Amino acid sequence: MTTHYKTRAFVFKKNNINESDRNFSVFTDEFGRLDIYAKAIRKITSKLRSGIDVFFMSEIEFIQGKSKKTLTEAVIIEKFDNIWRDSEKFKTANRIAEILDNFIKGQEKDENVFNLLNEAFYKLNDRNLNIEKCALLYYYFLWNALSLLGYRPEVKKCSICQQKLNPYNIYFSSGEGGVVCKKCSFLDKNSQKINSDVVKILRLILSKDWQILSKLKIEPSSQKLLSEVSENTIKSFCPA
């Protein structure tokens, strides 16, 4: 007897297969990451096509075959319409999807990651979220996802010597796992000088204080540093 599995799924990637089939990469609350095969879903007559698409939250049902999971039913929970209507929001959604795709490879249940993903997309779907806050939301997701996956950076003291930080001489080292003092920065030739504002932002992000974060006025120089630190950290885990 074939067993049917049902779960909530966030769709973050899709690939067309053959003339009418499609493969979806989803993150679910019950199973973690899954790759789901949808047979003939690209046909106009398919009963599945209206219930699932990239950046949808859907309730899906699937069966496990010998080599793949096949979609049998899909019902929309949330379409996140405002993301689809706004190019900047859509770009941010794609960046979040890349984080999922790069850092989560196997099937393993993780309710915390699912909840963070759900939280990020509901915030991104807010029509009042402007361009600057879209970028900040991406970093909010990135650093909290890394934290949940076991890569939480040290942002309260030097990650090497454990001493108190001098706010005028702060560096960030992806290799050493967070902020470092000037003396210890020489132990990593790739460490980058940052400012106290970036440390403050990272602390707020990791404490998940979006209410305060969303009201911050971040200087362009600090935005640039935050972007560089974030991208360098991604590269350290996912080298090209």
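A residue is taken as buried when its relative accessible area is under 20%. The structure described here is a predicted model, and the values reported below were computed from its atoms. By the criterion just stated, the buried residues of helix H2 are Lys89, Thr92, Ala93, Ile96, Ala97, Ile99, Leu100, Asp101 and Phe103. The elements that cover these buried residues include strand S1, strand S3 (32–38), helix H1 (81–85), helix H3 (111–124), helix H4 (131–148) and helix H8. An α-helix has 3.6 residues a turn, so residues three or four places apart point the same way. Helix H2 comprises the 17 residues 87–103, which at 1.5 Å a residue should span 24 Å, and the distance of 25 Å between its end C-alpha atoms agrees with that expectation. At the N-terminal end of H2, Asp86 acts as a cap, with a side-chain oxygen placed 2.9 Å from the backbone nitrogen of Glu88.

For the protein as a whole, eight helices and eight strands were assigned, and the C-alpha atoms fill a box of roughly 65 × 40 × 30 Å along the principal axes. Of the 240 residues in the protein, 47% are buried. Among contacts with a separation of 6 or more, 57% are made by residues 24 or more positions apart. The exposed surface of the protein amounts to about 13100 Å², of which 47% is supplied by carbon and sulfur atoms.

Five of the strands form a closed barrel that runs S1-S2-S3-S5-S4, with mixed pairing, and the twist from one strand to the next averages 50°. Helix H2 packs on this sheet, where it touches S1 and S3, and its direction makes about 105° with that of S1. Strand S1 (residues 4–17) is joined to strand S4 (residues 57–64) by seven bridges in an antiparallel arrangement, within which Phe10 stands opposite Met57 of S4. Strand S1 also runs antiparallel to strand S2 (residues 21–28), to which eight bridges join it, and here Lys14 stands opposite Phe24 of S2. The S1 and S2 strands form a hairpin with three residues between them, and Asn18, in the turn, has a positive phi of about 55°. Strand S2 is in turn joined to S3 by seven bridges, again with the two strands running antiparallel, and Phe24 stands opposite Ile36 in S3. Helix H3 lies across S1, S2, S4 and strand S5 (69–78), running at about 105° to S2.

Within this region, Thr28 was examined individually. The residue is located in strand S2 and counts as buried because its relative accessibility is 0%. Leaving aside neighbours within four places in sequence, Thr28 is in contact with Thr7, Arg8, Ala9, Leu34 and Phe114. The side chain of Thr28 additionally reaches the backbone nitrogen of Phe31 at 2.8 Å.

A further group of three strands forms an open sheet in the order S7-S6-S8, with antiparallel pairing. Its edge strands are S7 (178–181) and S8 (192–194), each of which pairs on one side only. On average, and with direction ignored, neighbouring strands of this sheet are turned by 45° against each other. Strand S6 (residues 170–173) pairs with S7 in the antiparallel sense over four bridges, and the bridge partner of Ile170 in S7 is Cys181. Helix H6 (residues 196–206) packs on the sheet and touches S6, S7 and S8, its direction making about 55° with that of S6. Helix H8 (residues 220–237) likewise packs on the sheet, touching S6 and S8, and its direction makes about 145° with that of S8. Helix H8 is also among the elements that cover the buried residues of H2.

In the loop between helix H5 (182–185) and S8 lies Asp188, which is buried, since its relative accessible area is 12% and the limit for that class is 20%. Not counting residues up to four places away in sequence, Asp188 touches Ser173, Ser174, Gly175 and Glu176. The C-alpha atoms of Asp188 and Glu176, which are twelve residues apart along the chain, are separated by 7.6 Å.

Key. Residues numbered from 1 in each chain as written. Predicted model: local features only at pLDDT ≥ 70, side-chain atom pairs only at ≥ 80, totals over all residues. Heavy atoms only, no water. Pairing = 2+ DSSP bridges. Axes fitted to C-alpha atoms, helices over the stretch in contact; angles between N-to-C directions. Contact = heavy atoms within 4.5 Å. Expected span 1.5 Å × (residues − 1). Buried < 20%, exposed > 50% of the residue type's maximum accessible area, 1.4 Å probe, protein only. Polar contact = N/O pair within 3.5 Å; in protein donor to acceptor, adjacent residues only side chain to side chain. Areas by Shrake-Rupley, 256 points an atom, 1.4 Å probe, with all protein chains shown as cover.
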